[in-house]
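This briefing is meant for a reader who is meeting the structure for the first time. Please keep the sequence and the three-dimensional view at hand while going through the points below.

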Amino acid sequence: FFSGFSGQILYDPFLMMIFNIIFTSWPILVVGIFEQDVPDKAAMEHPQLYRRLAQGEEFSNSTFLNWILSSVWHSLLIFFGVVFLYKSDLLVENGQTFGLWGFATMSLMLCIVIVNLKIGIETRWEERQRSLFLLLNTMAIPGIG
């Protein structure tokens, strides 16, 4: 087992708080506020566009299961990818190896990058705005490490 039966937490509680407040909430709020499938006028003229949404056809159990399986896949990819990278005991400039802190920081940074990429892929928001916001959100990562 990878934990060595230790009770040590992987992430610093401050990093978890920052992840939940900044890197998870803000991108979803900003994209949710500014994304539009169709222009306002077209939505008012064609209310049938939202009939499937109003009837709950877009948010089904299979859609939920698909998102859960996607998140499990991404978490396994991040964890085992970082485990693979750290198998060789990467050295820093002073000759020491990365420890638990380095492992946690690398996996959290990859998680943030994947979340931002997933938001960028799944939205229809205007390209310039989305790219700028997701770039700024991802550039904030070194500030937490």
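The expected span of a helix is taken as 1.5 Å times one less than its number of residues. By that rule helix α4, which covers residues 61-86 and so has 26 residues, should reach 38 Å, and the 37 Å from its first C-alpha to its last is close to that value. The model described here is predicted, and the points that follow go from the chain as a whole to its helices and then to single residues.

**The chain as a whole**

- The secondary structure of the chain consists of seven helices and zero strands, and read along the sequence it follows the pattern α-α-α-α-α-α-α.
- Of the 145 residues in the chain, 21% are buried.
- Among the contacts in the chain with a separation of 6 or more, 70% are accounted for by residues 24 or more positions apart.

**Confidence**

- The average pLDDT of the chain is 76, and 77% of the residues score at least 70.
- Confidence is highest in α4, at a mean of 90, and lowest in helix α7, residues 141-144, at a mean of 56.
- Where pLDDT is low, the predicted coordinates should not be read in detail.

**Helices α1 and α5**

- Helix α1 (residues 13-34) and helix α5 (residues 100-122) have axes that come within 11 Å and cross at roughly 10°, which means that α1 is roughly parallel to α5, since angles under 35 degrees count as such.
- On the α1 side of the contact stand Leu 15, Phe 19, Phe 23, Pro 27, Ile 28 and Val 31, and these meet Trp 101, Leu 108, Cys 111, Ile 112, Val 115, Asn 116 and Ile 119 in α5.
- The residues of this contact of α1 with α5 divide into 12 nonpolar, one polar and no charged.
- The 23 residues of α5 should span 33 Å at 1.5 Å a residue, and the end C-alpha atoms of α5 are indeed 33 Å apart.

**Buried residues of α4 and α5**

- In α4 the buried residues are Ser 70, Ile 78, Val 82, Val 83 and Tyr 86, and the buried residues of α4 pack against α5.
- Helix α5 has buried residues that include Gly 102, Phe 103, Ala 104, Thr 105, Ser 107, Leu 108, Ile 112, Asn 116, Ile 119 and Gly 120.

**Three residues to look at**

- Pro 27 lies in helix α1 and counts as buried because its relative accessibility is 0%, which is under 20%; from C-alpha to C-alpha, Pro 27 and Ile 119 are 7.7 Å apart in space, although 92 residues apart in sequence.
- Tyr 11 lies in the segment before α1 and is partly exposed, with a relative accessible area of 23%.
- Leaving aside residues up to four places away in sequence, Tyr 11 touches Met 16, Ala 104, Ser 107 and Leu 108, while the C-alpha atoms of Tyr 11 and Trp 101 are separated by 7.8 Å, with their positions 90 residues apart along the chain.
- Ser 75 lies in helix α4 and counts as partly exposed at 41% relative accessibility.
- The C-alpha atoms of Ser 75 and Ser 107 are separated by 9.2 Å, and the two residues are 32 residues apart along the chain.

Notes:
Residues numbered from 1 in each chain as written. Predicted model: local features only at pLDDT ≥ 70, side-chain atom pairs only at ≥ 80, totals over all residues. Heavy atoms only, no water. Axes fitted to C-alpha atoms, helices over the stretch in contact; angles between N-to-C directions. Helix = DSSP H or I, 4+ residues; strand = E, 2+ residues; numbered from the N terminus. Parallel < 35°, antiparallel > 145°, perpendicular 65-115°, else oblique. Contact = heavy atoms within 4.5 Å. Nonpolar A, V, L, I, M, F, W, Y, C, P; charged D, E, K, R; others polar. Buried < 20%, exposed > 50% of the residue type's maximum accessible area, 1.4 Å probe, protein only. pLDDT = per-residue confidence, 0-100.
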